[in-house]
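Visitor: I'm new to this structure, and I'd love a close look at a single part of it. Could you walk me slowly around the place that UniProt lists as "active site"?

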Amino acid sequence: MTLAIDGGAPVRTDPWPAWPPPLDDAQRRLVHDVLESGLWGATQGGSVCADLTAAVAAMSGVTYGVAVGNATLGLFAALKGLGVGPGDEVIVPAYTFVASATAVLLTGATPVIADVDPVHLHLSPGAVEAAMSPRTVAVMPVHLAGSPADMDALGAVASRAGLAVVEDAAQAHGAVYRGRPVGGLGHAGVYSFQSSKAMTAGEGGVVVCRDEAVHGSIWSVCNVGRTLGGRWYEHPGVGWNLRLTEIQAALLLPWLDRLPDEIARRERFCAALDLEGLPVTAVPQPEGTTVDSRHLLMLRLDPSVDKDFVLAAMAAEGVPLDAGYPPLGTMKTLTDAGARVEPAPAADEAAKHVVWVRQSMLMDDPSRARDITEALGKVIGGRG
Ligand SMILES: *Cc1c(COP(=O)(O)O)cnc(C)c1O
């Protein structure tokens, strides 16, 4: 069979589901109500941001939340609120989105880039231990692709060393680890609502936390240094306006109700993906996964397979896959900015051999998982 990249007929011609999914009636009503009210900002007396943060905190098993403009700023505010600043080090995984590290830079602290586990690609507890120095004050597990990180082991390392734990849950809305929701497992957790994420308002984020005093400091960082209940032009702390709008919150609050169904839908698609006989495996979940929210599905190609060719040929077949992250330690931007880089052979390996199936594709009918396996078989069998 001629590959589509060589002029043959593609496996799939109809489009994959669009992202974001169409608005539902509850979103339409709430956005409309906020628009008509004129209470668009979060400091005008509207209640949607407050309802959203309360609901996201509840989903995370904690009491407090602060809505922010995006998760990069949310991670910054969480770190800053926990006291991280210049001279400190924060350990981040080598296989994650660059913002996990640049959020650390925003505080003036140094990101320390440590390796991930070679099997499931989450921050490795052993690598964290090896990367620690007397300046290390915090660690940032990332719930990559919606799969909960190995929080028991990471939490044990962190608590032995007295490190703060900030969970980057930007990709993990609704994920659950050993029966407990992510986001609420560390000292603070951060969700993103940027346009590619599992819940989106175009941009946005929420920081959640368990402790009242931590909430107060994070809130202050995001509200120009004010204190909760304090006077308007009194700024006891240094802070910024990092707030979300009520209009964005109105897109997000009703979405929480359908999130479990969307996760279940993506899970069914993943379950239907039969890779038997192909030189490809799904990146497995760490032990302790109760719910993987399936933001993405990561596939590991056999080392004999040419990844660049597979990406190009799969796109031609109508099944576009993503190349995934370069290891953070290889980014000149980060090393120039002072990041400390630890050896990361597992992240290097992931960059060479791991590809991603996008969330919008996982939202299709599970029967369409066949398009992926058929195209993989054709492409890899053909020339990969
Ligand atoms: C998207 C993402 C971020 C940043 O979120 P923004 O809302 O775009 O700032 C941080 N970390 C991870 C792992 C992400 O996927």
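Guide: Happily! Helices (H or I, at least four residues) and strands (E, at least two) are DSSP runs, counted from the N terminus. This is a predicted model, in which local features need pLDDT of at least 70 and side-chain atom pairs need 80 or more, while totals for chains, interfaces and linings use all residues. Residues are numbered from 1 along each chain as its sequence is written, and side-chain values use heavy atoms, without hydrogens or water.

Let's start at the heart of your request. An unreviewed UniProt entry gives K197 under "active site", and an unreviewed entry there also gives K197 under "modified residue: N6-(pyridoxal phosphate)lysine". Such positions follow the numbering used here, feature names are shortened, and annotations may be inferred rather than shown by experiment.

To find K197, look for the loop that runs between strands β8 (188-192) and β9 (205-209). With a relative accessible area of 10%, K197 is buried (under 20%; exposed is over 50%, partly exposed in between; 1.4 Å probe, protein chains only). Leaving out residues up to four places away in sequence, K197 touches W19, A170, H173, S192, H295 and Q359 (contact: heavy atoms within 4.5 Å).

Now step back to the opening around this lysine. K197 is among the five residues that lie nearest the centre of the largest pocket, and the other four are Q171, Q194, S196 and H295. H295 therefore appears twice in our tour, once as a contact of K197 and once beside the pocket's centre. In total, 26 residues line the largest pocket. Here a pocket is an open set of points on a 1 Å grid over the protein atoms alone, where a 1.4 Å probe fits, with protein on both sides within 12 Å along at least five of seven lines; lining residues have an atom within 4 Å of a point.

Which elements supply that lining? Helix α3 (71-81) and helix α13 (359-362) are the elements that give two or more residues to the largest pocket. The largest share, 3 residues, comes from α3. As for α13, its span begins at 359, and Q359 is one of the residues that K197 touches. Domain 1 (25-255) and domain 2 (259-380) each give at least three residues to the lining of the largest pocket, with domain bounds from an automatic or database assignment.

Two of the contacts of K197 lead on to backbone details. W19, one of those contacts, is joined to P20 by a cis peptide bond, with omega about 0°. P20 sits in the segment that comes before helix α1 (25-37). Following H295, another of the contacts, we can turn to R294, which has a positive phi of about 55° without being a glycine. R294 belongs to the loop between strands β11 (289-291) and β12 (297-301), and its relative accessibility of 11% counts as buried.

A145 makes a good companion to R294. A145 also shows a positive phi, about 65°, although it is not a glycine. Look for A145 in the loop between strand β4 (136-139) and helix α6 (151-161), where A145 is buried with a relative accessible area of 4%.

For a last stop, try R265 in helix α9 (residues 255-272). R265 is partly exposed, at 32% relative accessible area. Beyond residues up to four places away in sequence, R265 touches L362, M363, D364 and D365. Of these positions, 362 closes the span of α13, the helix that brings us back to the lining of the largest pocket.
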